[in-house]
Amino acid sequence: MNYWIACFVLTVAACVSRSDLPAAEGLPAKGNPSVATHPLAGIGFETVMAGPLVTSSFEGATWTAEPGHAEILDRLARSGEQCLHLLGGQHSEIQFEVAAELADKNFDRLTFSAERWTSRAPFSFRVETRLGDIWQELYNGDVSVKVGREYLNRVEISLPEGARRFRMTCTSPPGTGVLIDDMNLVEAKPMTVTSAQVAQQTAPILIGQKNSQLLQLEIETEGSLTPRKLTSVEFQFLTGSEFLREVHFQNQPLKPELDARFKVDIELQPGSNIFPLTCELNPDARLDESVTAICSSIQLDGKETFKLNADSSSVQNRIGVALRQRGDDGVNTYRIPSITTTNAGTLIAVYDNRNQAGGDLPGDIDVGMSRSTDGGQTWEPMRVIMDMGNDPKWNFDGIGDPSILTDKVTGDIWVAATWSHGNRSWHGSGPGMTPDETGQLMLTRSADDGKTWSKPINITA
């Protein structure tokens, strides 16, 4: 078995699969075209082709942007497969206007999830509405919109009467910007649940990670008045329950029994509601095993129960190892992983030890190494194999972005990385070959299956 495929994980996002999703009996799956509801109840950017967005009508609105200001991404979505990317730069802007056939709807709030792409300045993000001849600011997200791959920001904006045309603007460093997903124009009417489905995890469940995601329950609602409540959820753990140390739903503990109905008291929000089921594995869980969990039913308001048509054959989660996590060995962040299998069958992984912060070079960065001789089940303590200095005067002589290679003929193992003496590897790199002039291409070599490593070798010239 190729254990290394499942064993080496530095950072795991919420990787989920939504093909052939199970829908609740009596409720449609999200995006079902037969649902008799107006599209603005949930704008997931799923019905428009991915790519640059200039002018397009979809999901109950007409969208316009100047070339280079916005795009539809077919990745990095909070739910579904696509999201809106308001591009970075000196000024990017997108406008959208409610379709004429929805003009009689009484929208009282706008909600969406947002993710800022950079912590660097400058950054501004505003939402406005057109009332008469002026743009009225509704939301200032300059400070409140946070950086975070998990869409840390749920924005809810109260709307003035007659708001039908909107504008989003962003200023940020080039190549960054803001991601927008799960947008809703919410009607002032009693809340109804329009869909319920389960998104299954596709990344491995990780030994050593406290919140590995098994699945997530997604519930879509319309209306803002008289909110509905999720009052119980039923899970079934079909395989691997003996490997589970803890299970949590919406941050509440759950005993991983074979069948478990879990009582909750969660008021649903207008639009998209996403609830993850997470777990922590026992340290002795085996990499050649799997964990299978399904969500079989939900109950609303303590009385209405809806069964979810879960297919257990497609939801087996492989087990892996969280090899490096933020804070391990006092390191702020681990990034840029690379892995090889040696001629002896040893796994050797290398990565950036970003000691003080998560940013790129220049910075206090060294190359770390981990080694496993049993197919990734256990790993030796992390070692630093490339360290070019720690003088703050030279930005700590950071070295990073490692790549690793096994020479199958000689058995030697090589690691290549870039050394930044001061600010040299990226924007500060200039003509010339010396460390004071440009970034340096460095190698280190092991001739004994990764047990020892040479001093860094400079091959820049």
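This is a guided walk through the structure above, from its overall make-up to a few of its details. Keep in mind as you look at it that the model is predicted.

Let's start with the whole protein. It has 461 residues, and 53% of them are buried. What kinds of secondary structure should you look for, and how many of each? There are 30 strands and 1 helix, so expect to meet strands again and again on this walk. The accessible surface comes to about 21,000 Å², and carbon and sulfur atoms account for 49% of that area. The chain also brings together residues that lie far from each other in sequence: of the contacts with a separation of 6 or more, 68% are between residues 24 or more positions apart.

Now let's go inside. The largest nonpolar core has 47 residues. Which of them have the most contacts inside this core? They are L217, L230, F249, L277 and I298. Strand β20, which covers residues 290-300, gives the core its largest share, with 5 residues. Another core lies apart from this one; it has 37 residues, including L86, F125, V127 and C170.

Try picking out L277 in the larger picture and looking at its surroundings. Leaving aside neighbours within four places in sequence, L277 is in contact with a group of residues that includes L214, L215, F235, F237, V247, F249, L254 and A293. S212, Q213 and H248 are also in contact with L277.

Next come the charged residues. A search of the whole structure finds 23 salt bridges, and three of them make good stops on our walk. In one, E137 pairs with R126, and their closest N and O atoms are 3.1 Å apart. E137 sits in strand β9 (residues 134-140) and R126 in strand β8 (residues 124-131), with their positions 11 residues apart in sequence. Are these two buried or partly exposed? E137 counts as partly exposed because its relative accessibility is 42%, and R126 is partly exposed too, at 24%.

For a salt bridge in other surroundings, turn to D352 and R354, whose closest N and O atoms are 2.9 Å apart. D352 has a relative accessible area of 1%, so it is buried. R354 also counts as buried, because its relative accessibility is 1%. This pair belongs to a network of salt bridges that links R335, D352, R354, D360 and D401.

The third stop is the salt bridge between D449 and R371, with the closest N and O atoms 3.2 Å apart. Where do these two residues lie? D449 is in the loop between β29 (440-446) and β30 (457-458), while R371 is in strand β25 (residues 365-372), so the salt bridge ties together parts that are 78 residues apart in sequence. Both D449 and R371 are buried.

The two strands on either side of that loop lead us to our last stop. β29 and β30 belong to an open sheet of 4 strands, in the order β27-β28-β29-β30, with antiparallel pairing. Why do β27 and β30 have one side without a neighbour in the sheet? β27 (399-406) and β30 stand at the edges, and each has a single partner strand, so one side of each is left free of a neighbour there. β29 and β30 themselves pair in the antiparallel sense over 2 bridges. To see how they line up, find L443, which stands opposite I457 in β30.

Terms used:
Residues are numbered from 1 along each chain as its sequence is written. This is a predicted model: local features need pLDDT of at least 70, side-chain atom pairs count only at pLDDT 80 or more; totals for chains, interfaces and linings use all residues. Side-chain values use heavy atoms; hydrogens and water are left out. A nonpolar core is a set of buried Ala, Val, Leu, Ile, Met, Phe, Trp, Tyr and Cys residues joined through side-chain atoms within 4.5 Å. Buried means under 20% relative accessible area, exposed over 50%, partly exposed in between (1.4 Å probe, protein chains only). Contact means heavy atoms within 4.5 Å. Accessible areas come from the Shrake-Rupley method with a 1.4 Å probe; for residues, only the protein chains shown count as cover. A salt bridge is a side-chain nitrogen of Lys or Arg within 4 Å of a carboxyl oxygen of Asp or Glu. Two strands pair if DSSP finds at least two bridges between them.
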